[in-house]
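Colleague: Could you take a close look at one part of this model for me, the way its pieces pack against one another? I'd be glad of a connected walk-through.

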2 protein chains.
Amino acid sequence: MVYVGVDLGGTNIAVGVVSQAGSILAQAGAKTQAERPFSAIVKDMADVVKRAVQKARLTMDDVQSIGIGIPGVAGEGGVVFNCTNLGWVNMPLRAEMQKYINKPIFIDNDANVAALAESCAGVSVGCKSSVFITLGTGVGGGIVIDGKPWAGGHGRAGEIGHMCLVPDGVPCTCGRNGCVERYCSGTALIRSAKQTCCNYPDTVILSKAGGNVDKINAKMVIDAAKEGDAPALRVFNTFAKYLAMTISNITWFFDPEMIVLGGGISYAGQFLLDAVLPLIPPCQMFEKLPLPRVELARLGNEAGIIGAAMLGR
Amino acid sequence: MVYVGVDLGGTNIAVGVVSQAGSILAQAGAKTQAERPFSAIVKDMADVVKRAVQKARLTMDDVQSIGIGIPGVAGEGGVVFNCTNLGWVNMPLRAEMQKYINKPIFIDNDANVAALAESCAGVSVGCKSSVFITLGTGVGGGIVIDGKPWAGGHGRAGEIGHMCLVPDGVPCTCGRNGCVERYCSGTALIRSAKQTCCNYPDTVILSKAGGNVDKINAKMVIDAAKEGDAPALRVFNTFAKYLAMTISNITWFFDPEMIVLGGGISYAGQFLLDAVLPLIPPCQMFEKLPLPRVELARLGNEAGIIGAAMLGR
């Protein structure tokens, strides 16, 4: 038996047929065209699933279940509670999908799914508990306990990006202030780099952006920091300080066996770990107690498909 | 069968025989005399356990297991990792206790034990997940998942008091800055009240303390706030604001079904809930998703005995 994983994004629908061990056997995809009605998107998803199964030279009888990772909050009974990018509120995704394919269908948030993928086939395999932090445009997260994603009592668990890091800090899109996402995301890195460019017009960041602050992206900031550019290093180290604080807060509350860093910023690789780990503040009370291991995600873009598939394992 | 619970504190050893349903059938106690050697304290604990079982008109054959709640960190294999008040480091508590009583012995941190008690026989009965916050001299916490205490990957889980609430904030005894404990404990309430007394010498707090700032305790601050004294209300509301922020951070990370407030400050009762709940900042992204219920602990001092006993259930 195999499992099908659907990575539903605002731009692409990516589908994979996944083995029991978490390897992708075949893939298919389509554009989401998010402006279309719910029913049209789901019909397309079902078609792409069928295509992926054919490509794997299998039939639907070989498929155990279908898992779908959504960029939003999953509710009870296979309903999508909300999905901002797609404009979905309380949409019966499981029921609609089962009109086309009569299989068990599991739905979860995309960060929870990526967390599960790493724990089934990536860096956190074998951990009793792990927390995954996606450092992308925003900051997301997922908790895995005993090999299962932890959704919490109301489907909100793992929303690390909206924990408060700085009381009365930078205003957040969620209507509150000082959220982790305002300090530890790619967006935060770019905001901070733009400010730095005003004070240090000679920074390598600005030359990478062709002198245009509006062209700065996170990769330019990281690359400039890696090259030793002092203003870029200052920006990156401030980012690292806040990330270390977030890791520390997760450690003292939940103490997972491992914390996994994923998302676009984890492209910085060992350079990111080298900046963050020394900044996790030591605690004299428990100085001899080991800290959770902090590691980089391994599965990259495939995590969305693999983790969704593994929802049914 | 019954369960025995031992609440080991820096001052008292309190032991209870507890029914399957979590009721205390008989109790016995002794002074800890923490300055004594480890072996003497453990021998006394065993004697008090035997006395409690006799008082319940039962024999050791009726006892399923013994649970011990310690003011410290439990390690692997029945060893106490550390216990600051008692000066214990890596002490083989289970093995020492089994010299006197040959029963299964479970050991956990006292806040985890209180959390478990509320979830077995208190306010959070039936919750799939709950987080207990002890608001006392310091701030502790415990997480319960599926009726079991969650110790984390290294025994540190639930150390809510040492999550960072204010970056670069008030120095903490743990060597770091801005910990929750520095803003949400009885100690924090008293510190803040003392400062207020300098600016507002007419405050009811100061009259309750007989004009002596060094006699101020948390109860005086709460009572003055309940009486409507403006400076006391300001102190209490600042405390409530930080507690609301802590509750919010737990909500966005872990999203438990219920958050239980216990410890000395929860004596403030409904007045505390009325101050804290409106200050939990709303989040526009998830405004229709229910929040965890926030409730007051019900078992008071008995939580230590009941929860320790329930470690073996």
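Modeller: Happily! In this predicted model, the centres of domain 1 and domain 2 of chain A, taken over C-alpha atoms, are separated by 28 Å. Domain 1 of chain A is made of residues 2–121 + 302–310, while domain 2 of chain A covers 129–297. Where these two domains meet, 13 residues of domain 1 of chain A are in contact with 17 residues of domain 2 of chain A. On the domain 1 side of that meeting, β5 (73–74) and α3 (110–121) of chain A each supply at least two residues. The most comes from α3(A), which gives seven residues to the side of domain 1 of chain A that touches domain 2 of chain A. By class, that side of domain 1 of chain A has eight nonpolar, three polar and two charged residues.

Now for the contact between the chains. Here 40 residues of chain B are in contact with 40 residues of chain A. Helix α8 (residues 230–253) of chain B provides the largest share of the side of chain B that touches chain A, namely seven residues. That side of chain B divides into 23 nonpolar, eleven polar and six charged residues.

How do the two copies relate to each other? A turn of 180° with a shift of 0.0 Å along the axis lays chain B on chain A, with an RMSD of 0.0 Å. The two copies are therefore related as by a two-fold rotation axis. Both copies use the same surface, since 100% of the contact residues of chain B recur in chain A. Among the residues of chain B, Val166(B) comes closest to the rotation axis, with its C-alpha at 3.1 Å.

Let me finish with a helix of chain B, α5(B). Helix α5 of chain B runs over residues 186–199, and its 14 residues should span 20 Å at 1.5 Å a residue; the end C-alpha atoms of α5(B) are 20 Å apart, so the two values agree. Which residues of α5(B) are buried? They are Gly186(B), Ala188(B), Leu189(B), Ile190(B), Ala193(B), Thr196(B) and Cys197(B). It helps to recall that an α-helix has 3.6 residues a turn, so residues three or four places apart point the same way. The cover over the buried residues of α5(B) includes α4 (181–184), α6 (204–208), α7 (218–226) and α8 of chain B. Helix α8 of chain B thus appears twice in this account: among the elements covering the buried residues of α5(B), and as the source of the largest share of the side of chain B that touches chain A.

Definitions and conventions
Residues numbered from 1 in each chain as written. Chains lettered and ligands numbered in written order. Predicted model: local features only at pLDDT ≥ 70, side-chain atom pairs only at ≥ 80, totals over all residues. Least-squares fit on C-alpha atoms with pLDDT ≥ 70 in both. Contact = placed C-beta atoms within 7 Å. Helix = DSSP H or I, 4+ residues; strand = E, 2+ residues; numbered from the N terminus. Nonpolar A, V, L, I, M, F, W, Y, C, P; charged D, E, K, R; others polar. Domains from an automatic or database assignment. Expected span 1.5 Å × (residues − 1). Buried ≥ 20, exposed ≤ 12 C-beta atoms within 10 Å, placed from the backbone.
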